[in-house]
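Here's a quick tour of one structure, taken a spot at a time. Have a look at the picture first, then read on.

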Amino acid sequence: MGLDNEEAVRRFKEFLIRTDYEKRLRESVNKGSRSFLVSLSDLEKYDPDLADTIILRPIEIIEELEAVVSGMDLSTKERVYVRIYDMWSDFDVKLKDLRTKHLGKLVQVEGLIRQASEVRPEVLEITFECLDCGNKISVLQTEHGIKKPTRCICGKSVFKEVDKAFRDSQGLKLEESPERLVGGEQPSRVDVILHDDLVEPTLRERLTPGNRVKVTGVLKEKPNILRTGARSKIFEIYLHAIYIENTVQEFEKLELTKEDEDAIRQLASDPKIKEKIVASIAPSIYGNERIKEAIALQLFGGVSKIRQDKMRTRGEIHVFLVGDPGSGKSQLLKYVSMLSPKSMYVSGKGATGAGLTAAVVKDEFLGGWALEAGAVVLCNRGLCAIDEIDKMAEDDRTSMHEIMEQGTVSIAKANIHANLRAETSILAAANPKYSRFDPHKEMIDQIDMPETLLSRFDLIFVLRDVPDREKDESLADHILMLHKQPKSHLKAAIDSTLMRKYIAYAKRTFEQTHLTSEAVAEIKSFYVGLRTKHLGEREELQSVPITARQLEAMVRLAEANARLRLSDTVTAEDALKAIDLMKYCLYQIGFDPETGKLDIARLEGSVSTAKRSKINTFEQALKEIEKDGSLPFKQVDLVAKAVELGMSQEDAEGIMDKLIKQGTLYCPRPGLVQRVG
């Protein structure tokens, strides 16, 4: 069982004197800290037996070490807590691998904070007074329930509480990190309890749901209570935290060996590296090269920027796929969610606003309310693939607005006010209302999504299933060969493991990029040229072909292109590639066949210039017929007046029906109509 307590104390005193740890202790106390951090790796190098003793009997030995520290002449009267951290890798345990052999011992685990409770007082000691003789008895509260004295020295057993000693406590629910899961494995969870200095306000930021943490602590057990009130023979486990620290191991923090870096640099030297990366994304799905290019750039991402006024410009690229059933949207989303290490795949039918963002839930461990992170928060600095986003409830979709632009989730529920980081790239997919996408109709008439949400996507693609003999033959060959030779037919140009490391290296090495003057000139020329193309026309006929949101999207795409070729310099060529991809999206959906112009309103789901012009014409017809006759008037007369002013009968009837549904017009009797109010 290691050293006895007396010998452990003696050796710890020697360790403090013969190393710089005594100096560290005094510096830490002078700064106002109540935590004295001791690296177990340093301790193991100095005295392996002492380190082993701490691992075997952590609670008992750490209390002795804290007694040593409190006996020193320090510049504080407050208690200083000894916090052991930095265990060597042999003691790193996965949450799913925690077993009985770990009970009572020091272990180190990593995971995502799924849920965090409020800080609450926990009673340490209660002083009871005998109501008969007045004798006072202090009882240490080591159990999960309140422990009372059984009998006084006078023989009586009736007491009242006269004093309590408290300490601060907070409960966390730690969940297995997604990249540690295999296949469809469910993530394991464990409760973590923090006390005293670990829940100080200055340290609360590291305990936000969605953060990745490494916890050094003692594994303990607690009994399950049956409905009858009896104890079950099956116990629950929890972690009594000794130390907790953030581990910012996002996509760009994957471990890379020297051999990995050599392979990555060799790949980057290939002039066709972009084509290879695009070809390596979902190779089993035929075609869709433009969409795969957009997804590749989404994985590399742009650069987030914090301005002097503290405003943040996002670097995350959001992509939206809409199209006919059977066009491979879901398969693309599934593949990308497996490729990115910090990612989740969710379906709109099974997703709620709380499940995507965050929820306030009842805390079963400490009582009260706790904050539980949703999918998008857990994927912070990663990617969240949302299939059938149009099937989500309208109230749930509104929670996505803040995430997609500000990269945060604000919660104000049950007296909990929090602001969680959600710097997550969104890859979403949806089906048209009437099964097939019609390029002649506007987006808002085909997708059940608000324009405010659509406008936040950087790129929107349409996947259409149009009969074409040559393409159909190639697609049939591709699919049939997959069934004939399921394993040997397709091989990605870049292995998925190496691809993941390549992206991680690019995001780690090139955290900042520099826009050259030539790149700025190309993007500016395209943006200004497109906006001023039809300036001479009447205002009501002027369409807005592109907005500032697309301008910022092109910058992000250009930065992603630079990162893809492992460069921190955004060149004119990177800008032209970004412009080319943006033009593809704009002309695919934003081109208005009626006016022959680009109209961003068609892309973002708002009212297009052509439709706005028709509404104005119908409004004019409505005003003229109101002047000519008494109210109410015949619907056929209103339609005829609109046709006189140049509208088609179909458009006039369609607008009239819509205004009736909206409540602008109403029908007092069949065939008659008039304006409300």
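Helices α8 and α9 cross in a right-handed way. This is a predicted model, by the way. Helix α8 covers residues 289–300 and helix α9 covers residues 329–339. Their axes sit 12 Å apart, and the packing angle is about 25 degrees. That angle is under 35 degrees, so α8 counts as roughly parallel to α9.

Which residues of α8 and α9 meet? On the α8 side they are Ile-291, Lys-292, Ile-295 and Leu-299, and on the α9 side Leu-332, Val-336 and Leu-339. Sorted by class, this contact has six nonpolar residues, one charged residue and no polar ones.

Now for two loop residues, Thr-424 and Glu-511, set side by side:

| Residue | Loop between | Relative accessibility | Counts as |
|---|---|---|---|
| Thr-424 | β18 (416–421) and β19 (425–430) | 0% | buried |
| Glu-511 | α16 (496–509) and β21 (514–515) | 42% | partly exposed |

Thr-424 is buried because its relative accessibility of 0% falls under the 20% cut-off. What does Thr-424 touch, leaving aside residues up to four places away in sequence? The list is Glu-316, His-318, Val-376, Cys-379, Asn-380, Arg-381, Gly-382, Leu-383 and Cys-384. With Val-376 there's a polar contact too: the Thr-424 side chain reaches the backbone oxygen of Val-376 at 2.8 Å.

As for Glu-511, its 42% lies between the 20% and 50% cut-offs, so it counts as partly exposed. How far apart in space are Glu-511 and Gly-302? From C-alpha to C-alpha it's 9.1 Å, although 209 residues separate Glu-511 and Gly-302 in sequence.

Methods
Residues are numbered from 1 along each chain as its sequence is written. This is a predicted model: local features need pLDDT of at least 70, side-chain atom pairs count only at pLDDT 80 or more; totals for chains, interfaces and linings use all residues. Side-chain values use heavy atoms; hydrogens and water are left out. Helices (H or I, at least four residues) and strands (E, at least two) are DSSP runs, numbered from the N terminus. Buried means under 20% relative accessible area, exposed over 50%, partly exposed in between (1.4 Å probe, protein chains only). A polar contact is a pair of N or O atoms within 3.5 Å; within protein, one must be able to donate a hydrogen and the other to accept it, and residues adjacent in sequence count only if both atoms are side-chain atoms. Contact means heavy atoms within 4.5 Å. Axes are lines fitted to C-alpha atoms, for helices over the stretch in contact, and angles run from 0 to 180 degrees between N-to-C directions. Angles under 35 degrees count as roughly parallel, over 145 as roughly antiparallel, 65 to 115 as roughly perpendicular and the rest as oblique. A crossing is left-handed if the near helix is turned anticlockwise from the far one by less than a right angle, and right-handed if clockwise. Ala, Val, Leu, Ile, Met, Phe, Trp, Tyr, Cys and Pro count as nonpolar, Asp, Glu, Lys and Arg as charged, and the others, Gly among them, as polar.
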